[in-house]
Protein chains: 2
Amino acid sequence: MNTGDAHMDESVPARLRNRPTRLLSMASTRCDRLVNDGLARADARKWHYAVLVTLAEIGPMSQAELSRRTGIYHSDVVAVINELAGRGLVERAPDPADRRRNVITITGPGTDHLHRLDDLLSTIEDEALAPLNREERAQLVELLTRILTHQVRG
Amino acid sequence: MNTGDAHMDESVPARLRNRPTRLLSMASTRCDRLVNDGLARADARKWHYAVLVTLAEIGPMSQAELSRRTGIYHSDVVAVINELAGRGLVERAPDPADRRRNVITITGPGTDHLHRLDDLLSTIEDEALAPLNREERAQLVELLTRILTHQVRG
DNA sequence: ATGTTTCGTTAGTGGGACGAACGTTAGTGT
DNA sequence: ACACTAACGTTCGTCCCACTAACGAAACAT
């Protein structure tokens, strides 16, 4: 499975090793894989989690709004909702007030599943960020958030 | 061009907004795009930079070693070297000592090009990480490095 | 000699982010 | 009342990336 490759040794040139964008890329790739593999064991993907948590926390909403809140590209929302609806975790119903919209609602089983995913994700992230303590994780979150807010408004 | 989407508003549920892996993913995606677009203006890709900087800093080496040091997947090295060699930025020659190997060497124009890419990349990263000062960038690098070293040995 | 490993290479897969276009429906201006 | 514009859901397709599978050639191990 694991190729045991180097990638991070001293064998990597310094100019390369310290490029923040490169580190960001590699860390993201590896964390994403951990998350994907982990969630796959619960037959889920990260977008499933994003949708379920959004619905649970904010309430029923249209697909377009889901796209905006979760960051899922609007073309891709359809498939995600299809998958979730196919498993009975959400319900898709036409909005009587605006017939362009579908109202997506989380179901009972959906809420249960969300709790499992929440636990699972916490475990996964705990392993992914193992070498970082509480404050350091908060620091990381803060730094990344600032980068992102800047780029969005940029 | 820019869709002006939200993605980072308060409209994002808290449980989602504070997930480090999610932030990592989004930051990486956006930074990668900045880097790719930026380097594209110099008709280059980030792997070009990785290869050139490695050759310049360490010296000629085989493609396999290049793969190990840069993190480029071994199947993909071929294409990268093709592109670089096609532009005369590196030279690919059979290794007389081991006829399985190719020895890749950076050329004069390759070194020039590397300098341009170095400057360009600094500019790009400066913009990508604009909201972070020196220490904070160092902090970010340190945190990410620790995550990565842990995962590689994990 | 034989089997194993390394190297370079080709072709192909799967996923994720994104773009283009379309029919449908809601608002908006006049 | 009517044309125009914008939003919504949807489908299809594109591009890039990390990765796999398989292969011939060469080196190495025993």
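What share of the atoms of DNA strand C within 4 Å of the protein belong to sugar or phosphate? The share is 70%, and the rest belong to bases. The points below take the model from its chains to its DNA strands.

1. Ground rules. This is a predicted model, in which local features need pLDDT of at least 70 and side-chain atom pairs count only at pLDDT 80 or more, while totals for chains, interfaces and linings use all residues. Residues are numbered from 1 along each chain as its sequence is written, chains are lettered from A and ligands numbered from 1 in the order in which they are written, and side-chain values use heavy atoms, with hydrogens and water left out.

2. Symmetry. Chain A superposes on chain B after a rotation of 180 degrees with 0.0 Å of shift along its axis, at an RMSD of 0.1 Å. The two copies are thus related as by a two-fold rotation axis. The fit is by least squares on the C-alpha atoms of residues with pLDDT of at least 70 in both copies.

3. Extent of the protein interface. In chain A, 65 residues are in contact with 66 residues of chain B; contact means heavy atoms within 4.5 Å. Interface residues of chain A are, at 100%, also interface residues in chain B, so the copies meet through the same surface. Between them the chains bury about 6400 Å², 61% of it on carbon and sulfur atoms. Buried area is the accessible area (1.4 Å probe) that two parts lose on being put together, summed over both. A:Arg15, A:Arg19 and A:Leu148 supply 11% of the area that chain A buries against chain B, more than any other three residues.

4. Polar links between the chains. The rule finds ten salt bridges across the interface of chain A and chain B. A salt bridge is a side-chain nitrogen of Lys or Arg within 4 Å of a carboxyl oxygen of Asp or Glu. B:Glu136 makes one with A:Arg146, where the closest N and O atoms are 2.9 Å apart. On the side of chain A that touches chain B, the elements giving two or more residues include α2 (20-40), α6 (108-128) and α7 (134-153) of chain A. Helices here are DSSP runs (H or I, at least four residues), numbered from the N terminus.

5. DNA strand D. There are 21 residues around DNA strand D, and A:Arg33, A:Gln63, A:Ala64, A:Arg68 and B:Tyr73 come nearest. Near means that a heavy atom of the residue lies within 4 Å of the strand. Three phosphate links stand out for a first look. A backbone N or O atom of A:Ala64 lies 2.5 Å from a phosphate oxygen of DNA strand D. For an N or O atom in the side chain of A:Arg68 the distance to a phosphate oxygen of this strand is 2.6 Å, and for one in the side chain of B:Tyr73 it is 2.5 Å.

6. DNA strand C. Of 20 residues around DNA strand C, A:Tyr73, A:Arg100, B:Gln63, B:Ala64 and B:Arg68 come nearest. An N or O atom in the side chain of B:Arg68 is 2.7 Å from a phosphate oxygen of DNA strand C. For A:Arg45 the side-chain N or O atom is 3.3 Å from a phosphate oxygen of the strand. α5 of chain A, with α4 (63-70) and α5 of chain B, each supply at least two residues of the surface near DNA strand C.

Definitions and conventions. A polar contact is a pair of N or O atoms within 3.5 Å; within protein, one must be able to donate a hydrogen and the other to accept it, and residues adjacent in sequence count only if both atoms are side-chain atoms.
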